[in-house]
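Please keep the sequence and the model side by side while reading, since the paragraphs below move from the chain as a whole to its pocket and then to single residues.

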Amino acid sequence: MADLYAYTDGACSGNPGPGGWGVLLRAMDGDTVVKERELKGGEATTTNNQMELMAAISALESLSRPSTITVVTDSAYVKNGVTGWIFGWKKNGWKTSAKKPVKNVDLWQRLDAAQARHKVTWEWVKGHAGHPENERADELARAGMAPFKKSAKG
């Protein structure tokens, strides 16, 4: 059985501003790529954190059946949120420890539901540090943002 990886990234031009997300899905047999799929999308007005979340959500929602997958992100916000903060947020009715509403709660709830179907391992990598799969996810995120950047200029 192949190992499944999702390399995810988000991008934003301005924060908020036009943004995009990208996913490189890869099934590996040892060091051999068995299958690869690329996903991307974007929005006219969004934030970098929202696009980072959408990349992870899109990766998990794209899987047609429950899977064991490693999601690799360069977003400490996504990694720390989904592996730590989310447990307290859910316990506190989606409020922070300061009793404030969680930012991007709709996306966090969607990510929580998306990962519930799968056995997910979360890994963080340093962005823009020459990690080939992370660089490809970044290219996809920028491509997902491109149509919204053009329309924003009129």
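Among contacts in the protein chain between residues at least 6 apart in sequence, what percentage join residues at least 24 apart? In this predicted model, the share is 66% of those contacts.

The chain that makes these contacts contains four helices and five strands, and, read from the N terminus, its elements follow the order β-β-β-α-β-α-α-β-α. Its radius of gyration is 15 Å, close to the 15 Å that the globule rule gives for 154 residues, so the chain is as compact as a globular protein of that length. Taken along the principal axes, the box filled by the C-alpha atoms is roughly 45 × 45 × 30 Å. Of the 154 residues, 44% count as buried, while the accessible surface comes to about 8200 Å², with 51% of that area belonging to carbon and sulfur atoms.

From the overall fold, the reader can turn to the pocket. The largest pocket has a volume of about 480 Å³, and of the 17 residues that line it, Leu4, Ala27, Leu63, Arg65 and Ser67 are the closest to its centre. Two elements, strand S2 (17–29) and strand S3 (32–46), are those that give two or more residues to this lining, and S3 gives the most, with four residues. Sorted by class, the lining of the largest pocket is made up of eight nonpolar, four polar and five charged residues.

Two residues in helices show how surroundings can be read from the model. Glu133 belongs to helix H4, which spans residues 132–153. Is Glu133 buried or exposed? With a relative accessible area of 18%, Glu133 falls under the 20% limit, and therefore Glu133 counts as buried. When its neighbours within four places in sequence are left aside, Glu133 is in contact with Tyr7, Leu24 and Arg26. Ala76, by contrast, has its place in helix H2, residues 76–91, and is partly exposed, because its relative accessible area of 37% lies between the limits of 20% and 50%. Not counting residues up to four places away in sequence, Ala76 touches Gly81 and Trp124. The C-alpha atom of Ala76 is separated by 21 Å from that of Gly17, and these two residues are 59 residues apart along the chain.

The backbone also deserves attention in the loops. Which two residues are joined by a cis peptide bond? The bond lies between Asn15 and Pro16, with omega at about 10°, and Pro16 is found in the loop between strand S1 (3–12) and S2.

Further along the chain, the loop between H2 and helix H3 (105–116) holds Trp94, and the loop between H2 and H3 is also where Asn104 is found. Trp94 has a positive phi of about 60° although it is not a glycine, and Asn104, likewise a residue other than glycine, has a positive phi near 60°. As for their accessibility, Trp94 has a relative accessible area of 17% and is buried, and Asn104, at 17% relative accessibility, counts as buried too. Both assignments follow because buried means under 20% relative accessible area.

Key: Residues are numbered from 1 along each chain as its sequence is written. This is a predicted model: local features need pLDDT of at least 70, side-chain atom pairs count only at pLDDT 80 or more; totals for chains, interfaces and linings use all residues. Side-chain values use heavy atoms; hydrogens and water are left out. On a 1 Å grid over the protein atoms alone, a cavity is a set of points where a 1.4 Å probe fits but cannot get out, and a pocket is an open set with protein on both sides within 12 Å along at least five of seven lines; lining residues have an atom within 4 Å of a point. Grid points are joined across faces, edges and corners, and a volume is the space filled by probe spheres set on the points. Ala, Val, Leu, Ile, Met, Phe, Trp, Tyr, Cys and Pro count as nonpolar, Asp, Glu, Lys and Arg as charged, and the others, Gly among them, as polar. The radius of gyration is taken over C-alpha atoms; the globule rule is 2.2 Å times the number of residues to the power 0.38. Buried means under 20% relative accessible area, exposed over 50%, partly exposed in between (1.4 Å probe, protein chains only). Contact means heavy atoms within 4.5 Å. Accessible areas come from the Shrake-Rupley method with a 1.4 Å probe; for residues, only the protein chains shown count as cover.
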